[in-house]
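Visitor: Please take me slowly through one part of this model, beginning with a single pair of side chains and then following what lies around that pair.

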Amino acid sequence: MAKKTKKNQDNINSRLQLVMKRGKYTLGYKTVLKSLRGGKSKLILIASNIAPLRKSEIEYYAMLSKTGVHHYSGTNTDLGTACGKYFRVSCLSITDPGDSDIVKQMQE
């Protein structure tokens, strides 16, 4: 079972790299909330160690805007590394997936 989750994690990371290269996204709590309120988000990724109040607030806004939420199994440091950044990313909003099929894959 551990192998399956590791493979799934690599799959998400590779799709996320495609979004970073070709798609449009916003990083961070404030901009994620702005994109959710504006109805621009297609998918939200949340790190495992985000503050519970922030997590529930993002999930609430996502539920109102009918946007998918994926709980990333790694920490905010891992999510930042997967995005190709040298800083921590607690949450990110994908507004345009570009060539990646990450939104379709997360909805399954």
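Guide: The side chains of Asp-101 and Arg-15 meet in a salt bridge, with 2.6 Å from N to O; the term stands for a side-chain nitrogen of Lys or Arg within 4 Å of a carboxyl oxygen of Asp or Glu. Asp-101 lies in the loop between strand E4 (91-96) and helix H5 (102-107), while Arg-15 belongs to helix H1 (residues 2-22), so the pair ties together parts that are 86 residues apart in sequence. The element names follow DSSP runs, numbered from the N terminus, where helices (H or I) need at least four residues and strands (E) at least two.

This is a predicted model, in which local features need pLDDT of at least 70 and side-chain atom pairs count only at pLDDT 80 or more, whereas totals for chains, interfaces and linings use all residues. Residues are numbered from 1 along each chain as its sequence is written, and side-chain values use heavy atoms, leaving out hydrogens and water.

Arg-15 is buried, at a relative accessible area of 16%, whereas Asp-101 is partly exposed at 36%; buried means under 20% relative accessible area, exposed over 50%, and partly exposed in between, with a 1.4 Å probe and protein chains only.

The structure holds two salt bridges, and the other joins Arg-22 and Asp-99, at 2.7 Å from N to O. Arg-22 also lies in helix H1 and Asp-99 in the loop between E4 and H5, so this pair ties together parts that are 77 residues apart in sequence. Here Arg-22 is exposed, with 52% relative accessibility, and Asp-99 is exposed too, with 53%.

Let us turn now to the strand that precedes this loop. E4 is mostly covered, since five of its six residues are buried. Strand E1 (residues 24-27) runs antiparallel to E4 and is joined to it by four bridges, with Thr-26 standing opposite Ser-93. Strand E2 (residues 43-46) is likewise antiparallel to E4 and joined to it by four bridges, and there Leu-43 has Ile-94 as its bridge partner. Two strands count as paired if DSSP finds at least two bridges between them.

Leu-43 and Ile-94 also appear in the largest nonpolar core, which has 17 residues; among those that touch the most other members are Leu-16, Leu-43, Ile-94 and Ile-102. H1, E2, helix H4 (76-82), E4 and H5 are the elements that each give two or more residues to this core, and H1 gives the most, with four. A nonpolar core is a set of buried Ala, Val, Leu, Ile, Met, Phe, Trp, Tyr and Cys residues joined through side-chain atoms within 4.5 Å. In soluble globular proteins, nonpolar side chains tend to be buried together.

Ile-102 brings us back to the starting pair: leaving aside neighbours within four places in sequence, Ile-102 is in contact (heavy atoms within 4.5 Å) with Ile-12, Arg-15, Leu-16, Val-19, Leu-43, Ile-94 and Pro-97. Apart from this core lies another, of 10 residues, which include Tyr-29, Leu-33, Ile-46 and Cys-91.

Tyr-29 has a charged partner as well, for the charged end of Arg-54 sits over the Tyr-29 ring, 4.3 Å from its centre. By the rule used here, a charge sits over a ring if NZ of Lys or CZ of Arg is within 6 Å of the ring centre and within 35 degrees of the ring normal.
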